[in-house]
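What follows is a guided reading of one protein chain, moving from its overall make-up to its strands, its cysteines and a pair of packed helices. Please keep the sequence and the structure in view while reading.

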Amino acid sequence: MSTLLLNLDFGEPPPKKALEGNAKHRKFVKKRRLLERKGFLNKKQQPPSKVAKLQSESSKKGKSPKVDGAWKAPLLSKKKTAASSGGSGQSLDKPSAVPWLTPAPSQKAGSVVAKVDLLGEFQSALPKIKSHPTRPRKKGSQKNAPQNSTQAHSEKKYSGASQKGPSKMVAIDCEMVGTGPKGHVSSLARCSIVNYNGDVLYDEYILPPCHIVDYRTRWSGIRKQHMVNATPFKIARSQILKILTGKIVVGHAIHNDFKALQYFHPKSLTRDTSHIPLLNRKADCPENATMSLKRLTKKLLDRDIQVGKSGHSSVEDAQATMELYKLVEVEWEQHLIQNPPKD
């Protein structure tokens, strides 16, 4: 039986490979290895020479180096974009680089917003053409309508009785009584309104808000018994204004009637027969003179009004006023078209 001889050396183990570098470097290397084992860091990165080479190659290919594991496309400048689109003609957004159609570069070129912006810029670049929309003509409208809008507006504003007569033109006359100190204040006591044909639209006795001192019966025709069932002033005024609003109102010295009504009617819709020179001319009277309704009616209509001691009739005066206006209606309306009054 042979014997085995084992030569065992129980000496000190060989020393571990000492870490190279100074203490600060050794500490850094230990920390790095620890982080690599735990998975927080990848293994040793490539040397700087290789990284620089990759960056140069990626810039040549038009790509940027990896950032967080993904490749990012570099942002091209405006000049490079215009040059590449003009030289190659293979741009995705634009078929050709026309200067006045080229939109500003946008990072959202593929989005819907970018497409809408491109369309808006294309439309804004087109030459603007002014076009007047045509309105459909209503049935029964005149073929030869006035082309001038100002003239059309004035003709519509001062149209004659043939267009507005039955519904848009009325004549008014009021009778007053005396109130206040010694009856010197004129207050409304009766109001009559007739249409273009002379038909009565409104005729009411009106109770003034103040005590009546003088009934002025000789001129007004108002008596005490007329005030027994008279309409209060506020109610009557609202009823009258509903009829007058928006209409052409004819009257003789009509400012007195409006004053009694405590109302102001637009001058463009007011026709005062006491200030129409054409009527005075027809009556062989001075054009600037203020003629009484009684005298004009006698000379031009050959009719007597405001006679007797029973006083005036506001209905009769309103009808006479409308007839006087009709005598010069066409000529006077043409005059107002050329010389519209200012409100």
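Two strands are said to pair if DSSP finds at least two bridges between them. With that in mind, and remembering that this is a predicted model, one can turn to strand 8, in which Val 250 has Ala 171 standing opposite. Strand 3 (residues 169-179) runs parallel to strand 8 and is joined to it by 3 bridges. Strand 8 is also joined by 3 bridges to strand 9 (residues 270-272), again in the parallel sense, and here Val 250 stands opposite Arg 271. Strand 8 itself, which spans residues 248-251, is covered on both faces, since Ile 248 and Val 250 on one side are buried, as are Val 249 and Gly 251 on the other.

These strands belong to a protein chain with 13 helices and 9 strands. Of its 343 residues, 29% count as buried, and among the contacts with a separation of 6 or more, 52% are made by residues 24 or more positions apart.

From strand 3 the path leads on to strand 4 (residues 185-195), in which 9 of the 11 residues are buried, so that strand 4 is largely enclosed by the rest of the structure. Strand 3 and strand 4 pair in the antiparallel sense over 10 bridges, and they form a hairpin with 5 residues between them, where Gly 180 in the turn has a positive phi of about 80°. Strand 4 pairs in turn with strand 5 (residues 200-207), also in the antiparallel sense, over 5 bridges. This second hairpin has 4 residues between the strands, and in it Gly 198 takes a positive phi near 90°.

The cysteines deserve a closer look. Cys 191 in strand 4 is the bridge partner of Cys 174, and Cys 191 also stands opposite Glu 204 in strand 5. Is Cys 191 buried or exposed? Its relative accessible area is 0%, so Cys 191 counts as buried. A search of the whole structure nevertheless finds 0 disulfides. For Cys 191, the nearest cysteine sulfur is that of Cys 174, at 3.8 Å, whereas a disulfide is defined by sulfur atoms within 2.5 Å, which is why this pair does not count as one. Cys 285, with a relative accessible area of 10%, is buried too.

A further residue worth following is Tyr 215, which lies in the loop between strand 6 (212-214) and helix 7 (217-220). Tyr 215 counts as partly exposed because its relative accessibility is 23%. Its contacts, leaving aside neighbours within four places in sequence, include Met 176 and Val 177 as well as Arg 223 and Met 227. The C-alpha atoms of Tyr 215 and Ala 189 are 8.9 Å apart in space, although the two residues are 26 apart in sequence.

Finally, consider how two helices pack. Helix 8 (residues 233-244) and helix 9 (residues 254-261) meet at an angle of about 130°, and their axes are 10 Å apart. That angle makes helix 8 oblique to helix 9. The contact is built from Phe 233, Arg 237, Ile 240 and Leu 244 in helix 8, which meet Phe 258, Ala 260 and Leu 261 in helix 9. By character, the residues of this contact divide into 6 nonpolar, no polar and 1 charged.

Key: Residues numbered from 1 in each chain as written. Predicted model: local features only at pLDDT ≥ 70, side-chain atom pairs only at ≥ 80, totals over all residues. Heavy atoms only, no water. Buried < 20%, exposed > 50% of the residue type's maximum accessible area, 1.4 Å probe, protein only. Axes fitted to C-alpha atoms, helices over the stretch in contact; angles between N-to-C directions. Parallel < 35°, antiparallel > 145°, perpendicular 65-115°, else oblique. Contact = heavy atoms within 4.5 Å. Nonpolar A, V, L, I, M, F, W, Y, C, P; charged D, E, K, R; others polar.
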